[in-house]
Amino acid sequence: MPPAARNAQGIVFLLDVDNTLLDNDRFADDLDTRLEQDFGRAGRDHYWAIYARLREQLGYADYLGSLEIFRAGLDDHPALLEMSAFLLEYPFAQRLYPRALEAIAHLATLGTPAILSDGDVVFQPRKVQRSGIWDAVSGRVSIYIHKQGALDAVQRHYPAAHYVMVDDKPQILAAMKQVLGPRLTTVFVRQGHYARAAVETVIDPAPDLCIERIDQLIDLAPSSFSSAPPQRAKKNAAAPTQEST
């Protein structure tokens, strides 16, 4: 019997990647430093301008696509081709948050952990593989342009009585909650710049659970995930109703 069918009456934990399981902000800082080192401040700023424009157009981060556009006029630059190796061979395992893989292993004792991420089809899977996350979830990895719009596909792949989504973007959690309702418990991890930017934002519906670090999943009681908590934050995503300490 397929694993998904065996767990159709259980719980599936859907885990974001960037700034949820690994510190993508540190990767971006390292990339910024490398760009300035090799191409100067003007070159660095040019790359990030391309990146921002592509992200607006595509709806996800496209580091490799940005590099393809960035290469215009730089084909003879000695550092250009080395940038591909920097991106594709980046040591993402060193950017995992403390005990992130241990948190995944713990969730595997309660249900089925799987990755649900946004991104391109080359760099994002590479990141998941090199970080060790791919193996930690036994290859249960789904990457979409907009994951909140792919919930029908997610339910086909991972049929379950209940879902838990763990993410650093409360707006995405709210969008998914509006679709799945009480079948989904949303967990907001307040890590990274997106989480900090959401502090003063009113999120409706608010996250069911808020934690400061991904490793705090290990300390939550299993009952925390089985259904939405009876009380939820009213003012904004920064006001948790249940929190591990």
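Where does Arg99 lie?

Arg99 lies in the loop between helix 4 and helix 5. Helices (H or I, at least four residues) and strands (E, at least two) are DSSP runs, numbered from the N terminus. The exercises below return to this residue and then turn to others.

This is a predicted model, in which local features need pLDDT of at least 70 and side-chain atom pairs count only at pLDDT 80 or more, while totals for chains, interfaces and linings use all residues. Residues are numbered from 1 along each chain as its sequence is written, and side-chain values use heavy atoms, with hydrogens and water left out.

**Exercise 1. Describe the protein chain as a whole.**

Step 1. Take the secondary structure: the protein chain has 11 helices and 6 strands.

Step 2. Take burial. A residue is buried under 20% relative accessible area, exposed over 50%, and partly exposed in between (1.4 Å probe, protein chains only). Of the 245 residues in the protein chain, 52% are buried.

Step 3. Take the contacts, where contact means heavy atoms within 4.5 Å. Among contacts with a separation of 6 or more, 68% are between residues 24 or more positions apart.

**Exercise 2. Describe the backbone and accessibility of Arg99 and Ser138.**

Step 1. Arg99 is not a glycine, although its phi is positive, about 65 degrees. With a relative accessible area of 38%, Arg99 is partly exposed.

Step 2. Ser138 lies in the loop between helix 7 and strand 3. Its phi is also positive, about 55 degrees, although Ser138 is not a glycine. Ser138 has a relative accessible area of 58% and is therefore exposed.

**Exercise 3. Work out how helix 3 and helix 4 are arranged.**

Step 1. Find the geometry. Axes are lines fitted to C-alpha atoms, for helices over the stretch in contact, and angles run from 0 to 180 degrees between N-to-C directions. The axes of helix 3 (residues 63-70) and helix 4 (residues 80-88) come within 11 Å and cross at roughly 180 degrees.

Step 2. Classify the angle. Angles under 35 degrees count as roughly parallel, over 145 as roughly antiparallel, 65 to 115 as roughly perpendicular and the rest as oblique. Helix 3 and helix 4 are therefore roughly antiparallel to each other.

Step 3. List the residues. Helix 3 contributes Tyr63, Leu64, Leu67 and Phe70 to the contact, and helix 4 contributes Leu80, Met83, Ser84, Leu87 and Leu88.

Step 4. Sort them by type. Ala, Val, Leu, Ile, Met, Phe, Trp, Tyr, Cys and Pro count as nonpolar, Asp, Glu, Lys and Arg as charged, and the others, Gly among them, as polar. The contact holds 8 nonpolar residues, 1 polar and no charged.

**Exercise 4. Show that the buried residues of helix 5 share a face.**

Step 1. In helix 5 (residues 100-108), the residues Ala100, Ala103, Ile104 and Leu107 are buried.

Step 2. Look down the axis, using the arc of the directions from the helix axis to the C-beta atoms. The buried residues of helix 5 fall within an arc of 100 degrees, so they line one face of the helix.

Step 3. Recall the general rule: an α-helix has 3.6 residues a turn, so residues three or four places apart point the same way.

Step 4. Find the cover. The buried residues of helix 5 are covered by elements including strand 1 (11-15), strand 2 (112-118), helix 7 (133-136) and helix 11 (223-226).

**Exercise 5. Analyse the pair of Phe39 and Phe70.**

Step 1. Apply the rule. Rings of Phe, Tyr and Trp (its six-membered ring) pair if their centres lie within 6.5 Å; planes under 30 degrees apart count as stacked, over 60 as edge-to-face and the rest as tilted. The count comes to 14 aromatic pairs.

Step 2. Classify the pair. Phe39 and Phe70 are edge-to-face, at 5.0 Å centre to centre with 85 degrees between the planes.

Step 3. Place the residues. Phe39 lies in helix 2 (residues 24-58) and Phe70 in helix 3, so the pair ties together parts that are 31 residues apart in sequence. Both Phe39 and Phe70 are buried.

**Exercise 6. Describe the surroundings of Thr186.**

Step 1. Thr186 is found in strand 5 (residues 184-189), and it is buried, with a relative accessible area of 1%.

Step 2. Leave aside its neighbours within four places in sequence. Thr186 is then in contact with Met165, Leu173, Lys177, Ala206, Pro207, Asp208 and Leu209.
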